[in-house]
Amino acid sequence: MIDTLQMEMNEYLPLRDVVFQTLRQAILRGEISPGERLMEIHLAQKLGVSRTPVREAIRMLELEGLVTTVPRKGTVVAEITISDLEDVLEVRQALEELAVKLVCRKITKEQLAEMKGLAAEFRETLKGDDVAACAEADMKFHDAIYNATGNRRLIQILNNLREQMYRYRMEYLKDKDSHRVLVKEHEEILQALQAHDENKALAAISRHIDRQKEHIIAELSGKNNGEA
């Protein structure tokens, strides 16, 4: 909800960029829901700024596809669509397959130990009800794999894609039935990396992403049918 927004000032960034990042993170984390209106006056009052940086930030969000203008309604947060999900996961799958392939060839004992520790940290977060904490822990596990590639360009691209994945990751983790599957999939990925087995690693990461895709599409389809 917009009323819960809090803005962290950054003296090195223009005010419009601070507002943009605040709104962007709130949308990606689900704090501002799909379909919720973004009213310039309300946002400016809530964030303690003038309408100009808010207006500029909303334009930037529109360029990213996170908000859209609806006739007679104004600017609203874009819905999570199956088409967008498929686009993002198609790219993510190709890049993560490349990542695990590279890591299989060069992973060190220290890197493997770090990944195992992060997998354990993820398991611990699943015991609570903080979905955002679960999502953060899941991202840390995957980040460790990305970083182990040593390929700076690949890491940069995957990090950018990670932000776009956040909304979908949150949707998946809201279903507690998915937690046991996720833990098992992380273990399968780790076992393949430890064995330096590229084929098993590719199969494990492919299953991991495919299952998320199938689950979220089913959830989105169910919501759309319910609205029909």
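Contact means heavy atoms within 4.5 Å. The legends below describe a predicted model.

**Figure 1. Overall view of the chain and its long-range contacts.** Among contacts in the chain with a separation of 6 or more, 72% join residues that lie 24 or more positions apart. The C-alpha trace spans about 55 × 45 × 30 Å along its principal axes. The radius of gyration is 19 Å, which agrees with the value near 17 Å that a compact globule of 228 residues would have. Of the 228 residues, 43% count as buried. The accessible surface of the chain is about 12400 Å², and carbon and sulfur atoms contribute 48% of that area.

**Figure 2. Secondary structure along the chain.** The chain contains nine helices and two strands. Their order along the sequence is α-α-α-β-β-α-α-α-α-α-α. Two of these elements, helix α1 (residues 15–28) and helix α7 (residues 152–173), are shown again in Figure 3. Helix α4 (residues 82–106), which holds C104, is the setting of Figure 4.

**Figure 3. Close-up of the crossing of helix α1 and helix α7.** The axes of α1 (residues 15–28) and α7 (residues 152–173) come within 8 Å, and they cross at roughly 35 degrees. On the α1 side, the residues in contact are R24, Q25, I27 and L28. On the α7 side they are E163, Y166, R167 and M170. Sorted by class, this contact has four nonpolar residues, three charged residues and one polar residue.

**Figure 4. Close-up of C104 in helix α4.** C104 belongs to helix α4, which covers residues 82–106. The relative accessible area of C104 is 3%, so this residue is buried, the cut-off being under 20%. Leaving aside residues up to four places away in sequence, C104 touches A192, L193, H196, D197, E198 and A201. A78 stands 26 residues from C104 along the chain, and the C-alpha atoms of the two are separated by 38 Å.

**Figure 5. Close-up of C134, with a note on disulfides.** Is C134 buried or exposed? With a relative accessible area of 3%, C134 is buried. A disulfide is a covalent bond between the sulfur atoms of two cysteines. The structure holds zero disulfides, the criterion being a pair of cysteine sulfur atoms within 2.5 Å.

Note on methods:
Residues numbered from 1 in each chain as written. Predicted model: local features only at pLDDT ≥ 70, side-chain atom pairs only at ≥ 80, totals over all residues. Heavy atoms only, no water. Axes fitted to C-alpha atoms, helices over the stretch in contact; angles between N-to-C directions. Nonpolar A, V, L, I, M, F, W, Y, C, P; charged D, E, K, R; others polar. Buried < 20%, exposed > 50% of the residue type's maximum accessible area, 1.4 Å probe, protein only. Rg over C-alpha atoms; globule rule 2.2 N^0.38 Å. Areas by Shrake-Rupley, 256 points an atom, 1.4 Å probe, with all protein chains shown as cover.
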